[in-house]
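Please walk me through this structure step by step, in a way that a first-year student can follow with the model open alongside the text.

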Amino acid sequence: MITEFSVNNMIQESATKVSIKLRHVRLGELADILSFSKQAVSKRSIKESWLYEEVPVNGGLQKLFPIETLPPHIQRTVRIHFGELPEELAECVPAGFDKDRVERCARSLGAAADWQREGANDRLTILRALTTFRNTFRGGRQEAIKRFVKRYRDRHVEGLDPEIYGRITKTGRSALHEWERRFAEDGLAGLLPPRANNKGRCSIPLDRQKFILGIIK
């Protein structure tokens, strides 16, 4: 039986497995890790101006990418692949890779209650939905977040699990900005709801809420 205590211990134990020994990754390795062709990865690296070094290999030149300069989500994927970052701590490093930050994040997650970790993951899911919406919205950044908030209140955010609306009943622009700031600084641990504050959370499952509302109507 997996208890909250054992989950906390597993998370904190994972922090001891974090490593930053690997400095570079070869183009071929990166292509295999990302499941793309070397040509596709090389093309993207040029388009996004990834830093690289060229070293002589068998009469030719081979690209070596410094891992710490790669985009954050690719850094995480590479570190996880080589066993330097436990997968359950991947969201502790939203920008760059810092062993101390990951360990602090792991300690915070390990000390949190199950409902707090659930809340943090829900908030992260909402932030990802916001990012997707921004990327497809034709307009300014502030207008995009305003439209997103309206869609959330109407429960019409594309791809969002309907259960989340029941757990986080409302959100606004200031809350979303604050979540983005905290996630950038502290990773998933920055999105943990305070222990003494259950405001905005509803413990009644969404299907039960609908049933009750149906009776009232």
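**Two crossing helices, and what surrounds them**

Helices α6 and α9 are roughly perpendicular to each other, and that description rests on the angle of about 105 degrees at which α6 (residues 114-136) and α9 (residues 173-186) pack, since angles from 65 to 115 degrees count as roughly perpendicular. The model is a predicted one, and this should be kept in mind throughout. Two packed helices are described by the angle between their axes and the distance between the axes; for α6 and α9, the axes are 11 Å apart. On the side of α6, the contact is made by R123, L124, I126, L127, L130 and R134, while α9 contributes L176, H177, W179, E180, R182 and F183. Sorted by class, the contact of α6 with α9 has seven nonpolar residues, one polar residue and four charged residues.

Charged residues also lead to the next topic, the salt bridges, of which the structure holds 12. Side chains of opposite charge can pair when their charged atoms come close. Within helix α6, the side chains of R117 and D114 meet in such a bridge, with 2.6 Å from N to O, and these two residues lie three residues apart, about one turn of the helix. An α-helix has 3.6 residues a turn, so residues three or four places apart point the same way. The two partners differ in their surroundings, for R117 is buried, with a relative accessible area of 10%, whereas D114 is partly exposed, with a relative accessible area of 38%.

A comparable arrangement is found in helix α9, where R181 and E185 are four residues apart and therefore separated by about one helical turn. Their side chains meet in a salt bridge of 3.0 Å, N to O; R181 is partly exposed at a relative accessible area of 39%, and E185 is likewise counted as partly exposed, at 42% relative accessibility.

Another salt bridge joins R167 with E118, the closest N and O atoms being 4.0 Å apart. R167 lies in helix α8 (residues 162-167) and E118 in helix α6, so this pair ties together parts that are 49 residues apart in sequence. R167 counts as partly exposed at 21% relative accessibility, and E118 counts as partly exposed at 35%. Both residues also belong to a network of salt bridges that links E118, D122 and R167.

We can now turn to the sheet. Three strands form an open sheet in the order β1-β3-β2, and their pairing is antiparallel. Strands β1 (24-26) and β2 (53-57) stand at the edges, each with a single partner strand, so one side of each is left without a neighbour in the sheet. From one strand to the next, the twist averages 40 degrees. Strand β3 (residues 60-66) pairs with β2 in the antiparallel sense over five bridges, and V55 has Q62 in β3 as its bridge partner. Helix α2 (residues 27-34) packs on the sheet, where it touches β1 and β3, and the direction of α2 makes about 80 degrees with that of β1.

Helix α2 appears again in the surroundings of helix α4 (residues 72-81), in which I74, Q75, R76, V78 and R79 are buried. What covers these buried residues of α4 includes α2 and α3 (38-47). After α4 comes G83, whose phi is positive, near 80 degrees.

Conventions. Residues numbered from 1 in each chain as written. Predicted model: local features only at pLDDT ≥ 70, side-chain atom pairs only at ≥ 80, totals over all residues. Heavy atoms only, no water. Pairing = 2+ DSSP bridges. Axes fitted to C-alpha atoms, helices over the stretch in contact; angles between N-to-C directions. Contact = heavy atoms within 4.5 Å. Buried < 20%, exposed > 50% of the residue type's maximum accessible area, 1.4 Å probe, protein only. Parallel < 35°, antiparallel > 145°, perpendicular 65-115°, else oblique. Nonpolar A, V, L, I, M, F, W, Y, C, P; charged D, E, K, R; others polar.
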